Amino acid sequence: MASKILTTTLRRSLTLKTIPHIRPLSTATAAVTEPSDEISMKGVKISGRPLYLDMQATSPVDPRVLDAMIPYFVSRYGNPHSRTHLYGWESDEAVEVARTQVANLINASAKEIVFTSGATECNNISVKGVMHFYKEKKKHVITTQTEHKCVLDSCRHLQQEGFDVTYLPVKNDGLIDLNELKGAIRSVTGLVSVMAVNNEIGVIQPMEEIGEICKEFNVPFHTDAAQALGKIPIDVNKWNVSLMSLSGHKVYGPKGVGALYMRRRPRIRVEPQMNGGGQERGIRSGTVPTPLVVGMGAACELAMKEMEYDEKRVTKLKDRLLNGIRAKLDGVVVNGSVERRYAGNLNLSFAYVEGESLLMGLKEVAVSSGSACTSASLEPSYVLRALGVDEDMAHTSIRFGIGRFTTEEEIDKAVELTVNQVEKLLTNRFGILKKW
Amino acid sequence: MATVVAPPCRAKILSLFRSLLRSSRQFPDYNIREYTKRRTIDAFHHNKSLSNRSSISTAFTDGKYQLQVAKRQAIVYRMYSPKAKSIMDINYTAHRSVTADHSATTDCVVSTFYQLVGLEANDTPC
């Protein structure tokens with residue numbers, strides 16, 4: 001009996017120490033231990049993984065979502081469209097459950113959800129699909145200048161085909177002028193597309209008011225709610241949207257999946273962009289990726305439960321970040337409306353500081369300037385230009401993304417690193433530390 | 001006659017709390033570890049005022065399910081953890097103990113829990 005207890009304790013203590021990285025017996029005589037923790041990439045050396053403050057680019061997968069997905073990779077790997085065996089039936093059941101979970105988050109019916117490969121595909125289906133379907137009678141699209149690249153690119157494609165597109169300007173705070181929207185609607189307007197929460201500056205557009213205007217003029221209303229899902233309460237009936245694009249990897253779900261909400265009453269029709277076997281009611285043919293869809297469903301259900309808790313926490317962290325930076329630095333400007341914004345997206349411009357050097361110095365914090373899809377080009381973001389921000393302030397903007405997993409210590413460390421880097425750049429530039 | 005399931009006694013709830021915190025320490029990822037710990041404490045704090053028997057049972061069952069999820073995912077995260085740890089773990093090793101002495105941390109956490117839920121130290125075990 002005693003030997004049994006001894007062996008179990010021995011086994012337990014051994015497993016604790018030996019699960020990670022077992023080094024085999026090395027025959028190297030030169031005892032130069034490589035610093036296994038140091039990362040060297042793209043000419044930059046950092047001691048550990050940076051702290052992640054770029055939640056608008058993507059969000060980490062929640063372990064509860066991963067837990068829901070793994071069975072569908074390991075054992076329940078059937079094709080949901082196979083009708084003849086258990087693998088297909090259980091896969092199909094999982095897809096339908098996920099559909100209901102997504103629909104519940106936006107107060108829609110499960111029959112109105114179509115799964116796609118992401119919000120970009122949803123935006124393409126909405127903009128191009130709707131206009132191609134109604135091309136006999138409707139020739140005009142209204143959108144804003146601060147939309148996501150995929151919407152703007154689809155509109156440009158429609159312009160080349162001969163459609164008419166109005167790009168509404170935004171005010172200095174990032175919100176559109178409702179009177180301008182009313183003035184722009186014509187009898188041949190086929191679609192109004194305004195994103196709910198902007199991915200670069202985080203402003204929330206007046207969705208209910210826009211929905212009312214569209215209802216009054218009987219124009220279909222499409223919104224890109226990828227950044228809004230799970231963060232602000234969404235109700236498709238209150239907003240009166242006909243089409244809504246949703247993305248999985250912004251709500252702590254997997255990448256590669258999204259959902260398109262298409263209203264049934266009154267029915268909106270689209271021309272499919274992916275032709276094939278007629279899956280997803282013919283709107284989007286192709287095998288539905290069960291594990292990804294299950295992940296998105298689990299993420300949406302989690303978001304519904306955790307929305308209030310996350311929102312309170314994110315607001316608190318955002319205040320901590322902003323106050324921490326403002327206490328030590330002057331000339332910090334928040335881009336976008338301060339009242340109508342989502343707290344987890346903080347876009348700051350620092351006066352008299354060069355943006356690229358600031359980002360290069362902030363290698364221990366994962367932040368971005370502008371959006372991920374435009375960060376490759378050297379031009380300042382078109383969103384900030386549309387806001388009317390000066391060229392030099394637009395160059396120096398940084399977007400901090402706060403999410404469910406961000407901690408107070410990370411915020412404090414980010415404040416410390418940002419302030420240090422900005423002060424260093426100010427000193428280098430002027431020789432003395434410039435204080436206002 | 002439907003049998004009424006008795007809601008879990010305080011010792012069981014305490015044991016669930018401790019197990020959840022223990023499982024949170026098993027995560028090698030800094031963010032997930034902190035989140036699990038914080039969420040557990042906040043959830044138990046939020047639910048401490050529940051008085052309805054069925055809602056207490058539901059919350060307890062949900063807690064047990066979350067514990068199973070956390071245990072499984074801790075193993076998965078450990079198997080695939082990157083070699084380089086987060087900067088927060090490297091800089092703050094003085095304040096955090098991932099694999100160090102468990103008993104001291106557990107006692108400190110248990111006393112915090114007592115304060116949170118207003119339990120007496122010598123509550124009768126079930």
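**Exercise 1. Work out whether A:Val194 is buried or exposed, and what surrounds it.**

Step 1. Start with the surface: A:Val194 has a relative accessible area of 1%, so it counts as buried (under 20% relative accessible area; exposed is over 50%, partly exposed in between; 1.4 Å probe, protein chains only). Keep in mind that this is a predicted model, where local features need pLDDT of at least 70, side-chain atom pairs count only at pLDDT 80 or more, and totals for chains, interfaces and linings use all residues. Residues are numbered from 1 along each chain as written, chains are lettered from A and ligands numbered from 1 in written order, and side-chain values use heavy atoms, without hydrogens and water.

Step 2. Place the residue: A:Val194 sits in the loop between β7 and α8 of chain A. Helices (H or I, at least four residues) and strands (E, at least two) are DSSP runs, numbered from the N terminus.

Step 3. List neighbours. Leaving out residues up to four places away in sequence, A:Val194 has contacts (heavy atoms within 4.5 Å) with, among them, A:Thr144, A:Ile176, A:Ile210 and A:Phe221. A:Thr223 is touched too; its C-alpha atom is 5.1 Å from that of A:Val194, although the two positions lie 29 residues apart along the chain.

**Exercise 2. Find which strands pair with β7(A), and in what sense.**

Step 1. Take β7(A), residues 189-193: five of its five residues are buried.

Step 2. On one pairing, β5(A) (residues 140-144) runs parallel to β7(A), joined by four bridges. Pairing here asks for at least two DSSP bridges between the strands. A:Val141 has A:Leu191 as its bridge partner.

Step 3. β8(A) (residues 221-224) also pairs with β7(A) in the parallel sense, over two bridges, and A:Ser193 stands opposite A:His222. Between these two strands the chain passes through α8(A), residues 207-217, in a right-handed β-α-β crossover (strands pointing away from the viewer, the path from the first strand over the helix to the second runs clockwise).

**Exercise 3. Decide where in chain B to read the model with care.**

Step 1. Look at the whole: the complex gets an ipTM of 0.85 and a pTM of 0.85. Chain B averages a pLDDT (the predictor's confidence in each residue, from 0 to 100) of 79, with 67% of the residues scoring at least 70.

Step 2. Pick out the weak stretches. pLDDT stays under 50 over residues 94-107 of chain B, and likewise over residues 118-125 of chain B.
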